[in-house]
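Got the viewer open? Let's take a walk through this model, one selection at a time.

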Amino acid sequence: MKKYDSFEELDQLTSKTLDEIATASDLKRLEELITSSKSMRKRYASLVTQESLLHWETGRVVDFEEETVPKRKIINFPIFASAAAAIVALVSAWGFSKQSPYGGNTQQISSNNSEIKQFASMGFGEDKEPNFQPLPFTIESTTFSDSRNQSIAVSAIELLESGKSFDDEAIVQIDNDFTTWDRTEHLTVPAENGILPLDGAGMIKLSDMVVNVDTQTASVQETLQVVDIRGLSPLLSSKIDAEISLNKGATAYPQSTEFELSVEALKGEVGEDKQSMGSTSNALIADTDQATWENLTSSFVVPEGTDFLVVSVTARIEGPESLLPNPSGNYADSLRVHFSTSAR
Amino acid sequence: MQPSYLNKLAYGNNRIDKIVARTSIKNVEEEAIPFEYSRKLTSIQRSLYAYILSLLPNRSDAEDILQETNLILCKKAKEYNPDGHFQGWAFRIARYQIMAHMTKYRRSKIHFSNELAEAMAEEDFDSTSLNVTQKALQLCYDLLPKHMQSIARLRFKEEKTLKDISSLVNRPIGSVSATLHRIRRNLLHCVHQKIPRVEAEMDM
């Protein structure tokens with residue numbers, strides 16, 4: 001019993017430490033327990049190993065649903081979407097509303113409520129309504145490789161649908177027939193990791209890559225711009241030309257990084273799910289010379305009926321080297337999106 | 001965007017970064033890492049990270065040390081004796097980096113003492129058994145009660161802090177902490193029970 005009680009204390013202190021809420025006296029007591037016996041040390045090592053597996057093995061251990069995604073094809077002038085090998089995204093816990101985001105869907109929220117009520121019944125306090133904010137709609141597309149990036153795109157579209165002209169996470173530019181939600185400014189960093197901006201004093205830094213140990217891939221996708229073209233006359237046809245420069249920071253070991261620039265056309269009613277009307281993407285393998293930026297372009301004849309265009313960039317490493325840490329960063333600069341129209 | 005004077009400072013520092021980076025790349029390019037060495041290095045990453053995390057339980061610090069250790073291991077590829085014990089060698093290098101880090105940040109951060117670094121044994125983080133542990137962990141994770149699964153996802157997959165999770169689920173930090181504690185214990189107990197079965201299935 002004493003051993004179990006000691007494990008209980010060790011487990012509690014270890015848990016607090018791993019959640020980074022332990023005090024100095026907690027750490028001191030934990031160290032005393034760890035060094036008191038071999039079994040304590042082994043118990044601690046087991047907990048930490050488990051923790052590292054839970055955080056590291058994001059593609060396998062933590063996800064509930066696994067999807068087999070066909071291997072990605074690189075095509076230069078496609079109209080329709082290409083499949084991408086990527087980390088499985090889990091968004092179901094947030095639920096989706098089929099109604100206007102301002103009305104909400106009580107049925108969806110109720111299913112989340114039952115989860116929280118069950119949690120509350122364990123005796124953690126009064127029965128309060130949860131503070132979940134489910135996504136108002138989904139984007140049915142294989143282009144989005146992770147739930148984080150899809151959430152960003154959904155938020156952008158939701159803001160554009162609301163008619164707001166400001167956002168904490170992006171700049172909203174209103175032109176005559178279309179509105180652009182542009183996140184590049186908010187991702188801008190100065191020179192770092194051996195890279196100087198190509199243009200001006202800042203460059204776009206992509207978020208950290210997420211590793212999938214099973215598929216041996218590391219990737220990150222960033223939505224950079226969303227263009228609302230619902231105001232465009234149906235008598236006009238349109239084309240989008242996107243261009244971006246890319247670079248990667250220095251690493252001590254060889255890592256072949258592939259960059260991809262993609263544009264996707266989406267359609268859907270306000271507050272409703274969005275369907276893909278088609279997409280285009282272009283890719284390259286980055287060199288290891290931080291002094292040079294590589295250029296990617298992508299052109300796309302916008303399908304009739306399109307409501308939104310999403311411009312995103314992806315960085316991806318495949319193979320065993322994807323499992324090695326990649327703290328050097330992936331960068332983009334000089335994103336230029338040119339939208340042109342002509343009579344049908 | 002930072003003010004322009006900070007950009008100039010970054011540019012100044014960056015020139016040193018560029019030199020260091022190019023030196024590193026040059027070293028690696030001139031002395032290509034043998035495939036077998038690279039394979040061994042990849043195979044111990046999880047256990048190496050777990051070892052570092054056990055002594056530096058701040059994930060950001062642990063990732064920094066892992067990077068530094070990998071950098072040194074790559075640079076020292078030629079010094080490695082293929083007949084030697086690779087994991088032991090790698091862990092020793094990691095321990096030196098950890099202790100240097102502890103000494104450097106002794107005053108500014110709370111952390112374990114150097115004595116713990118001497119006490120933690122390499123065999124407690126055996127990389128050869130991690131595959132079995134991983135499979136058992138996956139089985140056990142799926143068996144977690146639903147209300148625990150959402151907290152686990154927020155912490156382990158979405159890497160939210162306890163403060164963020166507390167806001168999202170509308171529960172005090174203390175209760176979130178208590179739930180995470182129970183999740184970890186449940187998983188550990190379950191994995192311990194599942195390992196014999198998983199081992200038997202993997203042997204078949």
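Start in chain B. Select B:Leu162, B:Lys163, B:Ile165, B:Ser166 and B:Val169 in H9(B), then add B:Ile173, B:Val176 and B:Ser177 in H10(B): this is where the two helices meet. Sorted by class, that contact has 5 nonpolar, 2 polar and 1 charged residues. One thing to keep in mind as you look around: this is a predicted model.

Now show the two helices whole, residues 162-169 for helix H9 and 173-203 for helix H10 of chain B. Their axes come within 9 Å and cross at roughly 105°. Angles from 65 to 115 degrees count as roughly perpendicular, so that is the description for H9(B) and H10(B).

**Across the two chains**

Next, pick helix H3 of chain A, residues 38-56, together with helix H3 of chain B, residues 45-55. How do these two lie relative to each other? Their axes come within 9 Å and cross at roughly 120°, and H3(A) and H3(B) are therefore oblique to each other. The crossing of H3(A) past H3(B) is right-handed.

To see who does the touching, select A:Tyr44, A:Ala45, A:Val48, A:Thr49, A:Glu51, A:Ser52, A:Leu53 and A:Trp56 on the H3(A) side. On the H3(B) side, take B:Arg46, B:Tyr49, B:Ala50, B:Leu53 and B:Ser54. Colour this contact by class and you get 8 nonpolar, 3 polar and 2 charged residues.

**Chain A as a whole**

Hide chain B for a while and look at chain A. It has 344 residues, and 42% of them are buried. Its secondary structure comes to 5 helices and 13 strands. Among the contacts in chain A with a separation of 6 or more, 68% link residues 24 or more positions apart.

**An open sheet**

Time for some strands. Which strands of chain A make up the open sheet, and in what order? There are 5, running S4-S5-S13-S8-S11, with antiparallel pairing. At the edges sit strand S4 (188-189) and strand S11 (294-301), each pairing on one side only.

Go in from the S4 edge. S4(A) and S5(A) run antiparallel and are joined by 2 bridges; select A:Thr188 and you'll find A:Ile204 of S5(A) opposite. From S5 (residues 203-205), step over to S13 (residues 330-343), another antiparallel pairing, with 2 bridges. Here A:Lys205 has A:Tyr331 in S13(A) as its bridge partner.

Keep S13(A) selected and add strand S8, residues 236-248. These two are also antiparallel, and 12 bridges hold the pairing. For a marker, click A:Leu236: its bridge partner in S13(A) is A:Ala343.

**A covered strand**

For the last stop, select strand S12 of chain A, residues 308-318. Is this strand mostly covered or mostly exposed? Mostly covered: 10 of its 11 residues are buried.

Then bring in the strands that pair with S12(A). Strand S7 (residues 217-228) pairs with S12(A) in the antiparallel sense over 11 bridges, and A:Ser219 has A:Arg316 as its bridge partner there. Strand S9 (residues 257-267) is antiparallel to S12(A) too, over 10 bridges. To find that pairing, look for A:Leu266 and its bridge partner in S12(A), A:Phe308.

Conventions
Residues numbered from 1 in each chain as written. Chains lettered and ligands numbered in written order. Predicted model: local features only at pLDDT ≥ 70, side-chain atom pairs only at ≥ 80, totals over all residues. Helix = DSSP H or I, 4+ residues; strand = E, 2+ residues; numbered from the N terminus. Buried ≥ 20, exposed ≤ 12 C-beta atoms within 10 Å, placed from the backbone. Contact = placed C-beta atoms within 7 Å. Pairing = 2+ DSSP bridges. Axes fitted to C-alpha atoms, helices over the stretch in contact; angles between N-to-C directions. Parallel < 35°, antiparallel > 145°, perpendicular 65-115°, else oblique. Left-handed = near helix turned anticlockwise from the far one by under 90°. Nonpolar A, V, L, I, M, F, W, Y, C, P; charged D, E, K, R; others polar.
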